[in-house]
Amino acid sequence: MIHLLSRCNALQQKIHHRGLPIIIRLTQQQQHSSSYQRKPHKNDHIISKNITQHSLILSHYIGTCDEGQRKTIEIGKEIPLPNSAEINTKGVDVLKLPPIYATLSKWYLTWFVVMTANAGFCLAPEMFDHYSFFFLTMGTFLCSSSANTLNQVAEIKYDALMERTAARPLVTKTITPQHAIAFAAISGASGVAMLGYGCNTLTAMLGLFNIGLYAGVYTPMKRQHWFNTWIGSIVGAIPPVMGWTAATGHISPGAFVLSGILYAWQFPHFYALAWRRKADYQRGNYHMLPISHPNATKMVALTHSLGLLALCVMAPFTGVTTWSFIATSTPLNLWIIGESMRFYKQGTNSSAQKLYKCSLYYIVAISLAIIADRKMVRPYLEKNKSTEKVVEGTPALS
């Protein structure tokens, strides 16, 4: 028992050295191991069943919270002490693997990535090729699954401290890290191979580059510098370019229409989300702009919302959209700018929630507007123009 308490003191000093005041309460899982008893903790109902004999309940002081209020956050998670024996992960039922893989892949995010890649393919000035479209869809899906899985492997101990990620398979030990790495390797290799075989080498290289950028650069940077969001936005902007290159085989200015919109859109979208989850990110030791620079966060969201308007105005110059797209997109841009302005002035969770919901509707509507303009409005205008030329060139009857 004395040895165990000395370990607690050492751990407490180590965490204090990092600048996070920690309250440590020792618990015993077996009655015969010690006469020490603790009072029931209010968060005991969320403690995982896979706990060791000796563990810690941690809580720490959060200096920057909603509206600048000081607050102490109870983590409510039991953290194994150093060198304590861990329970071996049992074999996983094969029938349970699909939902586990879906969670590792962050299926909701992967679906969105695939959708943006498909949109980039549809915007390209080429005949629609079902063969290339199929391989683009499957290859992008597998590449995204690989990147998201590697992200979770690298963040197991951090995910265990956050409420929204504490139930992930790697945290709950439903699957081993080695199994997850194997799944990521097979998915990544298969995805890049499918993009190279069914599309072209350029698209395959973009897919491989995005896996490395997300898992190798963005993931570790989240705990180092608030600039990580800019890197993450690049990751999100690449799939539409992949769709364009899959259809055309090269990169041209038109490839960056939807890509640029996605890049700028991610700032009001993500910061509106992160604003309401500052305490959770603080638990996970993530360095996010809303935690360290709340005023700058609101300004960045507003300026990038204004940038969306500028990008939509510039789109017709690339030839991807017609001039009517400016009129179509302006109401959507004024909406997100208005919500960003509200968030900038108020800086409340309510205004952040409204901006977040607006951003979700915005990206779907603006993507559909671009595709509709490209595939419906442009052909209609070109058909009318060609008809007028034929009529003008027909000699009048005498």
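A nonpolar core, as used on this tour, is a set of buried Ala, Val, Leu, Ile, Met, Phe, Trp, Tyr and Cys residues joined through side-chain atoms within 4.5 Å. Keep that in mind as you click around; what you have open is a predicted model.

**Whole protein.** Start with everything shown as a cartoon. You should find 14 helices and 3 strands. Now colour by burial: 47% of the 398 residues count as buried. Switch on the surface, and about 20,300 Å² is exposed, with carbon and sulfur atoms supplying 64% of it.

**A pair of helices.** Next, select residues 294-314, helix α12, and residues 324-346, helix α13. Their axes come within 9 Å and cross at roughly 175 degrees, which means α12 runs roughly antiparallel to α13. Show side chains to see who meets whom: on α12, pick out residues including L302, L306 and L309, and on α13, residues including F325, I337 and F343. The residues of this contact split into 15 nonpolar, 4 polar and 1 charged.

**The largest core.** Which residues touch the most other members of the largest nonpolar core? Select W265, I336, Y362 and I366: those are the ones, out of 57 residues in that core. Now zoom in on Y362. Leaving out residues up to four places away in sequence, Y362 touches W265, L308, C312, L332, N333 and I336. You've met some of these already: L308 and C312 sit in α12, while N333 and I336 sit in α13.

**A second core.** For the last stop, select Y158, M162, A274 and I291. These belong to a separate core of 13 residues.

Terms used: Residues numbered from 1 in each chain as written. Predicted model: local features only at pLDDT ≥ 70, side-chain atom pairs only at ≥ 80, totals over all residues. Heavy atoms only, no water. Helix = DSSP H or I, 4+ residues; strand = E, 2+ residues; numbered from the N terminus. Buried < 20%, exposed > 50% of the residue type's maximum accessible area, 1.4 Å probe, protein only. Areas by Shrake-Rupley, 256 points an atom, 1.4 Å probe, with all protein chains shown as cover. Axes fitted to C-alpha atoms, helices over the stretch in contact; angles between N-to-C directions. Parallel < 35°, antiparallel > 145°, perpendicular 65-115°, else oblique. Contact = heavy atoms within 4.5 Å. Nonpolar A, V, L, I, M, F, W, Y, C, P; charged D, E, K, R; others polar.
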